[in-house]
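User: I'm new to this one and would like to get to know a single part of it properly. Please take me through it slowly.

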Amino acid sequence: MTDIRKSLFTLFSGTLLTFGVWLAILMTVDQNDTDPLTILAFFSSLFLWLTGLFTFILLYIRSHVSKLTNQNTIPNSLLHSFLIIACILLLSILQTLRVLGWLEGVILIILFVLFELYIKAKSTV
């Protein structure tokens with residue numbers, strides 16, 4: 001039980017830290033006049049704190065749907081939140097670069113769904 005508590009505390013601490021970094025970048029940096037490294041730091045901290053947030057949301061949903069929790073709940077929730085946020089963030093980066101169209105968005109979403117199905121098929125073998 002302490003391993004789950006330690007994992008949740010580490011995940012919470014990392015999420016809170018990256019949220020602080022993202023908020024500091026958001027409040028102090030002018031988005032019209034910034035360098036690419038700052039934009040990279042903004043999107044990477046956004047990715048990390050949203051992944052942690054969605055992991056907690058998925059853990060909450062899974063703990064209420066099934067009353068039993070096992071050791072695979074945290075890694076599965078982390079993997080699913082990683083894939084969801086990676087897809088959303090990649091779509092927003094493409095939109096920021098002004099190269100996102102309907103076809104590219106649909107193809108990207110299909111690729112992430114196929115990647116999830118590949119991971120699920122590989123883990124059952």
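Analyst: What follows is a close look at helix H3 and the residues around it. The model is predicted, so local features need pLDDT of at least 70 and side-chain atom pairs 80 or more, while totals for chains, interfaces and linings use all residues. Residues are numbered from 1 along each chain as its sequence is written, and side-chain values use heavy atoms, without hydrogens or water.

H3 covers residues 73-96, and helices here are DSSP runs of H or I with at least four residues, numbered from the N terminus. It has 24 residues and stretches 34 Å from its first C-alpha to its last, close to the expected 34 Å (1.5 Å times one less than the residue count). After the helix comes arginine 98, with a positive phi near 60°.

Plenty of H3 is buried (under 20% relative accessible area, 1.4 Å probe, protein chains only): the list includes Thr73, Ile74, Ser77, His80, Ser81 and Leu83. Ile85, Ala86, Cys87, Leu89 and Leu91 are on that list too.

Now for a neighbour. Threonine 55 sits in helix H2, residues 36-65, and is buried, at 0% relative accessibility. Its side chain makes a 2.6 Å polar contact with that of serine 81 (N or O atoms within 3.5 Å, one able to donate a hydrogen and the other to accept it). Beyond its neighbours within four places in sequence, threonine 55 is in contact (heavy atoms within 4.5 Å) with Leu11, Ser77, Leu78 and Ser81.

H3 also helps cover the buried residues of H4, which are Gly105, Leu108, Phe112 and Glu116. H4 itself spans residues 102-124, reaching 33 Å with 23 residues.

Key. Helix = DSSP H or I, 4+ residues; strand = E, 2+ residues; numbered from the N terminus. Buried < 20%, exposed > 50% of the residue type's maximum accessible area, 1.4 Å probe, protein only.
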